[in-house]
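Reader: I am new to this structure and should like a close look at a single part of it, namely the way its helices pack together. Please set that part in the context of the whole chain.

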Amino acid sequence: MSDVLLSGADRKRLSVSLPLFIQPRQRDARPPPCRRCGGTSWWNGWRETFPVVATAAVAVVERWQLSVPLGKCSCCHRGFTCYPPGFYPRRQYQLDVVADVVAGVVLGSEPVAHIAATVTASVTSARRWTAWVGALTRAGELLAAAAQVDASVATVALPPPRCARHPRAAAVLAGLEALGAALARVGVAAVERTGLGRVLGWQHRRHGDVYGLVCGPRRFSSAMAPGGRPTTP
Ligand SMILES: [Zn+2]
């Protein structure tokens, strides 16, 4: 399964407009035990990825050349990838970049083309990301999860701004921010700075869940509480 989907217009835009920052190769002495059978595993090479990542400044992005280490189980022979913290699988544009663009699209007044261009994405990508966020879950579920994570702060469901171009995506984005802030308050470590990045990154690290645009589950399974994955779907 490829982590990088370099194709079409995005590739052309990236190659000319973003400098490449080569990241040093890093891995532990040994890979973690197999997640499926618990067996010992061994390192099995690297995979080159080229993610577009957010910087501390909104709308300033960098393109990285990042080698991710591959492990393989000596018992069941399952191969797996060890992602560094903050790296979300199967996305060229990482989650904080996507969150910034979607926020601009749903809440801003700038043309979508301008917003997409700030991160060298296409208009099609910006629209697809917005639809994806809007369909990810219900804002109410996120606010309920935020209250469960941190009951000390009452989380109030605010109606999305009337001027929002995509009220549903705006509401989901606000819910993600609320849950991401609650996670940060209770000390769940995250390198991501947006709600979308923190919440999906946390689900990935904790449960191994990946929410892809083109494959895998498209919606939350409501496994958002710190207690873990529910026993029934
Ligand atoms: Zn195994």
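Author: The answer below begins with the chain as a whole, turns to the helix contacts and the core, and ends with some single residues.

The model is a predicted one, in which local features need pLDDT of at least 70 and side-chain atom pairs count only at pLDDT 80 or more, while totals for chains, interfaces and linings use all residues. Residues are numbered from 1 along each chain as its sequence is written.

The chain has seven helices and five strands. Helices here are DSSP runs of H or I with at least four residues, strands are DSSP runs of E with at least two, and both are numbered from the N terminus. Read from the N terminus, the order of elements is α-β-β-β-β-β-α-α-α-α-α-α. Of the 233 residues in the chain, 31% are buried. A residue is buried if 20 or more other C-beta atoms lie within 10 Å of its own, exposed if 12 or fewer, and partly exposed in between, with C-beta atoms placed from the backbone. Two residues are in contact if their C-beta atoms, placed in that way, lie within 7 Å. Among contacts between residues at least 6 apart in sequence, 62% join residues at least 24 apart.

Two packed helices are described by the angle between their axes and the distance between the axes. Axes are lines fitted to C-alpha atoms, for helices over the stretch in contact, and angles run from 0 to 180 degrees between N-to-C directions.

Helix α2 (residues 95-107) and helix α4 (residues 123-136) have axes that come within 9 Å and cross at roughly 90°. The two helices are therefore roughly perpendicular to each other; angles under 35 degrees count as roughly parallel, over 145 as roughly antiparallel, 65 to 115 as roughly perpendicular and the rest as oblique. On the α2 side the contact involves Val98, Val101, Val102, Val105 and Val106, which meet Ala126, Trp129, Thr130 and Val133 of α4. By class, the residues of this contact are eight nonpolar, one polar and no charged. Ala, Val, Leu, Ile, Met, Phe, Trp, Tyr, Cys and Pro count as nonpolar, Asp, Glu, Lys and Arg as charged, and the others, Gly among them, as polar. Leaving aside neighbours within four places in sequence, Val102 is in contact with Trp129, Thr130, Val133, Ala169 and Leu173.

Helix α4 also packs against helix α6 (residues 167-185), where the axes come within 8 Å and cross at roughly 65°. This contact joins Thr130, Val133, Gly134 and Leu136 of α4 to Arg168, Ala169, Val172 and Leu173 of α6. Five of its residues are nonpolar, two polar and one charged. The crossing of α4 and α6 is left-handed; a crossing is left-handed if the near helix is turned anticlockwise from the far one by less than a right angle, and right-handed if clockwise.

Helix α2 has a further contact with α7, the axes coming within 7 Å and crossing at roughly 140°. These two helices are therefore oblique to each other, and α2 passes α7 in a right-handed crossing. Leu95, Asp96, Val98 and Ala99 of α2 meet Gly195, Leu196, Gly197, Leu200 and Gly201 of α7. The residues of this contact comprise five nonpolar, three polar and one charged.

The largest nonpolar core has 45 residues, among which Val98, Val101, Val102, Leu173, Leu179 and Leu196 touch the most other members. Such a core is a set of buried Ala, Val, Leu, Ile, Met, Phe, Trp, Tyr and Cys residues joined through C-beta atoms within 7 Å. At least two residues of this core come from each of β3 (52-54), α2, α3 (112-118), α4, α5 (139-149), α6 and α7 (195-207). Helix α6 gives the most, with 11 residues.

Some single residues complete the picture. Phe87 is found in the loop between β5 (79-81) and α2, and Phe87 is buried, with 21 other C-beta atoms within 10 Å. Phe87 and His204 are 117 residues apart in sequence, yet their C-alpha atoms are 9.7 Å apart in space. Ala181 lies in α6 and is partly exposed, with 16 other C-beta atoms within 10 Å. Thr120, in the loop between α3 and α4, has a positive phi of about 65° although it is not a glycine.
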